[in-house]
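This report describes the fold, the packing and selected residues of one protein chain. Please consult the sequence and the structure shown below while reading.

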Amino acid sequence: MCGRYSVTTDPEALRRIFGVDTLMNLMPRWNVAPTQEVPVIKADDRIGRMLAIMRWGLVPFWAKDIGIGAKLINARAETVNEKPAFRGAFRYRRCLVPADGFYEWKTESRVKQPWRIARRDRAPFAMAGLWELWEGAGEGSALETFSIVTTEANPAIRDIHHRMPVMLFGEEQLETWLKGSLKEAAGMMRPCDPAAIEAFRVDPRVGNVRNDDPSLIEPIARPAPPTVAQGSLF
């Protein structure tokens, strides 16, 4: 799954890497959490790729309220073309979620230790996303939301978590996900090359959504195992 990620690339680099025709004054985010509003890239027939701010947690157009979004932060690649919440978005509203790393937790010595997964070269990438417009019941209640598509984990991180986001590298993959056919898009929903990424432990402070600073993405040493006091032999 993907429950937290970071996007710290400056706006000009985002525009250049992802071919965005619109630009916003974006602040770096080291600890993006579900239900927060973050930059997402979608295709626009008039101006090409468009950078929009969307809420993380897809709210289907038929939902009665936005609360359902907290349960739909991820969409499983194996079922996006079948599930009522995702199939329309998969066919017509695919998007790119810019990121430079994501977090997963693994229990070590009975403690949940966060790991950061990033490209080995630390370059930004896109996570495959689906977006939806929810108009609500009243005027002015329109809301754009998104979900991140996940697939089975590759060998590089399988011992940390069994799922990972679909990671897209390079212009060809970005364009295929945004505008390719259903068959082409389905072919993109697979684990990335394990040689392209690496995982490392980070500060447990990332588990608190109130923490959002550069120290969260820095590697930390593996904690020393707890010492066990030995009794005297005499």
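What percentage of the 234 residues of the protein chain count as buried? In this predicted model, the share of buried residues is 49%.

**Overall architecture**

The protein chain contains four helices and 13 strands. Its radius of gyration is 19 Å, close to the 17 Å that the globule rule gives for 234 residues, so the chain is as compact as a globular protein of that length. The C-alpha trace spans about 85 × 40 × 35 Å along its principal axes. When contacts between residues at least 6 apart in sequence are considered, 65% of them join residues at least 24 apart.

**The open sheet**

One sheet is open and is built from five strands in the order 2-1-7-8-13, with antiparallel pairing. Strand 2 (29-32) and strand 13 (197-201) are its edge strands, each pairing on one side only. From one strand to the next, the twist averages 30°. Within this sheet, strand 1 and strand 7 (residues 101-108) run antiparallel and are joined by three bridges. Arg4 stands opposite Tyr103 of strand 7.

**Strand 3 and its partners**

Strand 3 is largely enclosed by the rest of the structure, because six of its eight residues are buried. A hairpin of three connecting residues leads from strand 3 to strand 4. The pairings of strand 3 are listed below.

| Partner of strand 3 | Bridges | Sense | Example of opposed residues |
|---|---|---|---|
| Strand 4 | Eight | Antiparallel | Glu37 and Arg55 |
| Strand 6 | Two | Antiparallel | Lys42 and Cys95 |

**Nonpolar cores**

In soluble globular proteins, nonpolar side chains tend to be buried together. The largest nonpolar core here has 29 residues, of which Tyr5, Phe102 and Phe146 touch the most other members. Several strands each supply at least two residues of this core, among them strand 1 (4-7), strand 3 (37-44), strand 4 (48-56) and strand 10 (143-152). A second, separate core comprises 28 residues, including Leu130, Val166, Trp177 and Met188.

Which residues does Phe102 contact, leaving aside its neighbours within four places in sequence? Its contacts include Cys2, Arg4 and Tyr5, together with Trp115, Arg116, Ile117 and Phe125. Further contacts of Phe102 are Ile157, Met164, Pro165 and Met167.

**Cysteines**

A disulfide is a covalent bond between the sulfur atoms of two cysteines. How many disulfides does a search of the whole structure find? The search finds zero. Cys95, which stands opposite Lys42, has a relative accessible area of 0% and is therefore buried. Cys192 also counts as buried, because its relative accessibility is 8%, under the 20% cut-off.

**Pro204**

Is Pro204 buried, partly exposed or exposed? Pro204 counts as partly exposed because its relative accessibility is 48%, which lies between the limits of 20% and 50%. This proline is found in the segment after strand 13. Not counting residues up to four places away in sequence, Pro204 touches Gln113, Pro114 and Ile220. Lys179 is 25 residues from Pro204 along the chain, and the C-alpha atoms of the two are separated by 38 Å.

Notes:
Residues numbered from 1 in each chain as written. Predicted model: local features only at pLDDT ≥ 70, side-chain atom pairs only at ≥ 80, totals over all residues. Heavy atoms only, no water. Disulfide = S-S within 2.5 Å. Buried < 20%, exposed > 50% of the residue type's maximum accessible area, 1.4 Å probe, protein only. Core = buried A, V, L, I, M, F, W, Y, C linked by side-chain atoms within 4.5 Å. Contact = heavy atoms within 4.5 Å. Pairing = 2+ DSSP bridges. Axes fitted to C-alpha atoms, helices over the stretch in contact; angles between N-to-C directions. Rg over C-alpha atoms; globule rule 2.2 N^0.38 Å.
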